[in-house]
Amino acid sequence: MILASLTACGGNNNGPSAKSVPSSENPIIRSDGRGDQANTSWVPLSQVAESLGLRLRESDNMVQMGYSDVMFQVQPSQRHAVSFGKQISLSQAPITQNGQVCLTEEALGDLLQTDVRYDKRTGNLHIGQMKDDGGASDSNPQQKGLQRMGILSLAGNRDELISYAKQFMGVPYDFGASTYEQSKAFDCSSFTRHVFKRFGISLPRLARDQARLGTPVERSNLQTGDLIFFTVPGRFKNDKIPGHVGIYIGNGKMIHTWGDPGVEISSIDTGYWHDAILSMRRVQQ
């Protein structure tokens, strides 16, 4: 039996890490699935987040989960939810038990967009592999979904874009951050979105969706202003869903944010981030 015990992105210079990585593409998570009078098992989202290496933020009426940005969002007693940044309807509404928001196995499968099975006999939750690759394949149409707002053009202003991004060095990281004007903080994809907006490009909110834009580039052709997308290892053995994004600034470095100390510059040619690269994209020639 395989038991996943993972941690979410944390605050050190080596990048996110996991205590252990499942040796199977179908993790088995020990859960204390809680039964109700109708003999329905309810799985606490806090256990799912901890086991899959996701950040989790709970408020009185909202639970958010994700890597460096919010990928999933649910509300107690509400069937509408957000999965991978898009509105969905859950088969059953979440409930709150003993102060924790819980989902049935069917509703959890709706949220994670994969097969989920709770074994009442063993107390194990079987979660299938998420097959979505984030859309970052070479077959994507060029500039698919890209919106331009006509403030400044990125073409010919790549150095200005990097200078602008560097103005935010040290701005705090906040998982699920609202707009910078409201929060004075960023998560990884709200940072790239804020910077590119200045140069007339409207990026989607999630790193996963930003990875659908533009055209792929190789490391040898990488230019300043290109976006670099990363896996956050640990949730599955072969995780192809972009969980983090940064902006290439030249000389083998990127500017990004994922934890303490906030917006920072890191190497992409050595160390943690080099080994976690999924794809590199150019959103405008």
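Two strands count as paired if DSSP finds at least two bridges between them. Helices (H or I, at least four residues) and strands (E, at least two) are DSSP runs, numbered from the N terminus. The model is predicted: local features need pLDDT of at least 70, side-chain atom pairs count only at pLDDT 80 or more, and totals for chains, interfaces and linings use all residues. Residues are numbered from 1 along each chain as its sequence is written, and side-chain values use heavy atoms, without hydrogens and water.

One open sheet has five strands in the order β4-β5-β6-β7-β8, with antiparallel pairing. Its edges are β4 (55-58) and β8 (86-89); each has a single partner strand, so one side of each lacks a neighbour in the sheet. Four bridges join β4 to β5 (residues 63-66) in the antiparallel sense, and Arg 55 has Gly 66 in β5 as its bridge partner.

A further open sheet is made of six strands, β15-β20-β16-β17-β18-β19, again paired antiparallel. Within this sheet, β16 (residues 227-230) pairs with β17 over four bridges; Phe 229 is bridged to Val 245 in β17.

Helix α3 (residues 158-166) has as its buried residues (under 20% relative accessible area, 1.4 Å probe, protein chains only) Arg 158, Leu 161, Ile 162, Tyr 164 and Ala 165. Seen down the axis of α3, these fall within an arc of 160° (taken from the directions from the helix axis to the C-beta atoms), so they line one face of the helix. Their cover includes α5 (188-197), β17 (244-250), β18 (253-256) and β20 (277-282), where contact means heavy atoms within 4.5 Å.

Technical notes
Buried < 20%, exposed > 50% of the residue type's maximum accessible area, 1.4 Å probe, protein only.
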